[in-house]
Amino acid sequence: MNTHTNACREGQPNPFSAPEAFSRLDETDDKVFYATDRFVQHLDRTALDTVENLIGQLVVEEHPVVLDLMAGWDSHLPEGLAPARMTGLGLNENELRRNPALTEYVLHDLNADPLLPFPDETFDVVLNTVSVDYLVKPLEVFREAARVLKPGGLFLVVFSNRMFPQKAVKVWRESGEEERLILVQDFFEDSGLFEPVRRFISRGRPRPRDDKYAESGLPSDPVYAIYADRKGAPAGRAARPQARPSYGRKPSPEELAERQALIKTTGQCPYCGEKLKKWKVPDNPFSQTWDNEFMLICFNDECPYYVRGYDVMNEKGKSGNSYRLMYIPENDCCLPIPVPGPKALRESIVEDEEG
């Protein structure tokens, strides 16, 4: 249930206005907690690449003046992005000092004082990466982000499903991932200072092969983002692009048609080129019965067809599901077969890739 927006629609107080909504399990001074150096990445490599790609898509200014809110030792800037000035605001001086993207840094605790120590209309871009869940005064901080942005400037808020639970606020801990998207959207909209927000969702990607959880079947860390421009962009300025997840190289329509025509001979997925695996048809998979005993299915977790399926299914209201490419030899045709996750259907594989 959409508890945040439903409450507003019915004219009831928004749940995040309650004082306890932004309480934490650990209310000790944040300066003490963040005094510990944490030179580790908080997302896996696939997710980090997604964040860099996202920033690269959205920051269209040639030499932007950028503020990294709640910064650490890595601002996740993509190669080729050359800020005229890059300011990091955070709590751990050792981490900020080691951040190669920063031209300057400011030690400042937003939970103690949400007012940003910068003049109005200073920045072209404000970034906040995997830390919005720790803000105890997010409404004030989002209004401040708008104040220090130039008209038309970008505020990009990125988050995942990882957190330090002792420092995450109650409303975040008790919300599902879909509700968190709504919550951050509410923060933007409460200020009244931004253009309509847009969303970015990337999930279901395979973990890097060298990741310690790669063999577990768990997908890569999801990446969620809510972003918007500050109102008042100069007339005639080009609209900021809509960010899109990267699915890997997709074959052209001509290539795809050629590969599909040869699939009976090659036994390869027309989207990724991987060898299809022989799959024994259960008696009644997904409430459907087929006459043939076997199908051929692409089980490559990096196949663009499968990866893009997560986003297609999410748009249809089936979050967390995707589909794989299935080839029916008897009919010489390809169909999508739904899957609720990367491990689904694998128990019925009857031969490996070399079989």
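**Figure 1. The accessible surface of this predicted model comes to about 17,300 Å².** Carbon and sulfur atoms account for 50% of that surface. Looking inward, buried residues make up 49% of the 355 residues in the protein. The C-alpha atoms fill a box of roughly 70 × 45 × 45 Å along the principal axes.

**Figure 2. Here we turn to the charges, 43 positive and 57 negative.** Take the mean position of each set, and you will find the two points 1 Å apart.

**Figure 3. The fold brings together nine helices and 11 strands.** If you follow the contacts between residues at least 6 apart in sequence, 66% of them join residues at least 24 apart.

**Figure 4. Strand β1 covers residues 65-69, and five of its five residues are buried.** That is why β1 is largely enclosed by the rest of the structure. Do check both faces of the strand: V65, L67 and L69 point one way, while V66 and D68 point the other way. All of these side chains belong to buried residues, whichever way they point.

**Figure 5. Strand β1 pairs with strand β2, residues 85-90, in the parallel sense.** Five bridges link β1 and β2. To find your place in this view, start at V65, which stands opposite R85 in β2.

**Figure 6. Strand β1 also pairs with strand β4, residues 123-129.** This pairing is again in the parallel sense, and it runs over four bridges. A handy landmark here is D68, which stands opposite L127 in β4; D68 is one of the buried residues of β1 met above.

Conventions: Residues numbered from 1 in each chain as written. Predicted model: local features only at pLDDT ≥ 70, side-chain atom pairs only at ≥ 80, totals over all residues. Heavy atoms only, no water. Helix = DSSP H or I, 4+ residues; strand = E, 2+ residues; numbered from the N terminus. Buried < 20%, exposed > 50% of the residue type's maximum accessible area, 1.4 Å probe, protein only. Contact = heavy atoms within 4.5 Å. Areas by Shrake-Rupley, 256 points an atom, 1.4 Å probe, with all protein chains shown as cover. Lys, Arg positive; Asp, Glu negative; His and termini not counted. Charge placed at Lys NZ, Arg CZ, Asp CG, Glu CD. Pairing = 2+ DSSP bridges.
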